Amino acid sequence: MPELPEVEALKDFLTENLVGHEVVRVLPVAISVLKTYDPPVGAFEGSAVTGVRRHGKFLDIEGDSGLHFVTHLARAGWLQWKDRLPDGPPRPGKGPLALRVALETGAGFDLTEAGTQKRLAVYLVRDPQEVPGVARLGPDPLADDFDEERFAALLKDERRQLKGAMRDQSLIAGVGNAYSDEILHAARMSPFKLAASLTPEEVRSLYAALRTTLTEAVERSRGLAAGRLKAEKKSGLRVHGRTGEPCPVCGDTVREVSFSDSSLQYCPTCQTGGKPLADRRMSRLLK
């Protein structure tokens with residue numbers, strides 16, 4: 001799933017390649033991708049792009065018509081830039097293509113989604129706050145005013161485990177499954193630790209890990225073409241998606257806890273005092 005660093009890099013890439021150009025066609029291929037109908041998505045045609053912004057994991061392309069083309073790439077979605085789009089309209093079918101946006105230059109981008117769970121979303125709105133997911137976002141962790149004091153206030157009465165709290169977009173915008181694993185590893189904290197139980201020193205450590213991990217990921221992605229961002233994200237991860245590999249900090253084996261639709265990875269030595277966390281799903285499979 002694209003998270004804050006990848007969406008930030010896409011924002012920069014699209015700013016460079018879209019701003020000042022006219023959108024001449026918006027071609028939905030999978031109707032399920034459209035989450036709004038008034039105004040119709042075709043109303044964005046004829047708009048000159050004036051800016052691209054990021055709201056958490058949402059991309060917001062603004063036109064001089066006052067309309068905002070907002071998309072969320074969800075778990076398996078992606079944006080594929082093409083310097084020259086194929087001639088003729090795309091054909092609906094079983095492929096990954098969900099929607100195409102064409103510019104007056106002949107360039108443009110495709111929104112694609114792999115797998116069977118179709119969650120990629122496109123909204124055409126007059127104000128980004130009309131998108132429910134944008135309206136409920138918490139603060140951006142890389143914003144200038146997101147300081148340690150504000151972070152501590154968010155966690156003060158948070159009774160959930162750190163892993164769940166870090167992924168809650170209404171608490172902190174933009175952090176997902178992968179970077180929450182990376183942040184907790186950098187902070188040397190168990191994903192099962194209760195957020196409200198953190199000492200002031202632990203809050204300080206987690207805040208530093210949050211800012212550093214995301215900032216470094218953004219810097220690694222900056223300037224890369226859209227097609228290279230997935231590989232860059234994977235190469236920069238130290239524990240997420242690396243079950244069974246040695247921890248790059250201490251050499252212990254990276255472990256996993258599985259859930260119904262996701263999993264987390266962690267290092268026992270760095271994060272849980274050497275004790276493996278209970279993986280109830282795996283335990284049931286081994287019985």
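The following exchange considers how several features of this predicted model earn their names.

Reader: What makes the contact between Lys 11 and Glu 8 a salt bridge?

Author: The closest N and O atoms of Lys 11 and Glu 8 are 3.0 Å apart. The criterion asks for a side-chain nitrogen of Lys or Arg within 4 Å of a carboxyl oxygen of Asp or Glu, and the pair is therefore counted as a salt bridge. A search of the whole structure finds 19 salt bridges.

Reader: Where do Lys 11 and Glu 8 lie?

Author: Both belong to helix 1, three residues apart, which is about one turn of the helix. Helix 1 covers residues 4-18.

Reader: How do you know that strand 1 and strand 6 are paired?

Author: Five bridges join strand 1 to strand 6 (residues 97-103). Pairing requires at least two bridges between the strands, so strand 1 and strand 6 qualify. The two strands run antiparallel. As one instance, Pro 28 has Leu 99 of strand 6 as its bridge partner.

Reader: Why are strand 1 and strand 5 called edge strands?

Author: The open sheet has four strands in the order 1-6-7-5, with antiparallel pairing. Strand 1 (23-28) and strand 5 each pair on one side only. From one strand to the next, the twist averages 15°.

Reader: What does the order 2-3-4-8 describe?

Author: That order belongs to an open sheet of four strands, again paired in antiparallel fashion. Its edge strands are strand 2 (49-55) and strand 8, each of which pairs on one side only. The twist of this sheet averages 20° from one strand to the next.

Reader: How do you know that strand 2 and strand 3 are paired?

Author: Six bridges link strand 2 to strand 3 (residues 58-63), and the two run antiparallel. Because at least two bridges suffice for pairing, the condition is met. Among the residues involved, His 55 has Phe 58 in strand 3 as its bridge partner.

Reader: Which strands of the sheet 2-3-4-8 does helix 1 touch?

Author: Helix 1 packs on that sheet and touches strand 2 and strand 3. Its direction makes about 175° with that of strand 2. Angles run from 0 to 180 degrees between N-to-C directions, so helix 1 and strand 2 point in nearly opposite directions. Helix 1 also lies across strand 5, strand 6 and strand 7 (108-113), and runs at about 25° to strand 5.

Reader: Why is the peptide bond from Asp 38 to Pro 39 called cis?

Author: The omega of that bond is near 0°. Pro 39 is found in the loop between strand 1 and strand 2.

Reader: What makes the phi of Ala 74 worth listing?

Author: Ala 74 has a positive phi of about 55°, although it is not a glycine. The residue is found in the loop between strand 4 (68-72) and strand 5.

Reader: Which residues lie nearest the centre of the largest pocket?

Author: Met 1, Pro 2, Lys 57, Ala 74 and Arg 75 do, from a lining of 35 residues. About 970 Å³ of space lies in the largest pocket.

Reader: What is the class make-up of the lining of the largest pocket?

Author: The lining has 13 nonpolar, nine polar and 13 charged residues. Pro counts as nonpolar and Lys as charged, so Pro 2 and Lys 57 of the lining fall into those respective classes. Helix 7 supplies the largest share of the lining, three residues. Elements that supply at least two residues each include strand 5 (77-82), strand 8 (121-125) and helix 5 (177-187).

Conventions
Residues are numbered from 1 along each chain as its sequence is written. This is a predicted model: local features need pLDDT of at least 70, side-chain atom pairs count only at pLDDT 80 or more; totals for chains, interfaces and linings use all residues. Side-chain values use heavy atoms; hydrogens and water are left out. On a 1 Å grid over the protein atoms alone, a cavity is a set of points where a 1.4 Å probe fits but cannot get out, and a pocket is an open set with protein on both sides within 12 Å along at least five of seven lines; lining residues have an atom within 4 Å of a point. Grid points are joined across faces, edges and corners, and a volume is the space filled by probe spheres set on the points. Contact means heavy atoms within 4.5 Å.
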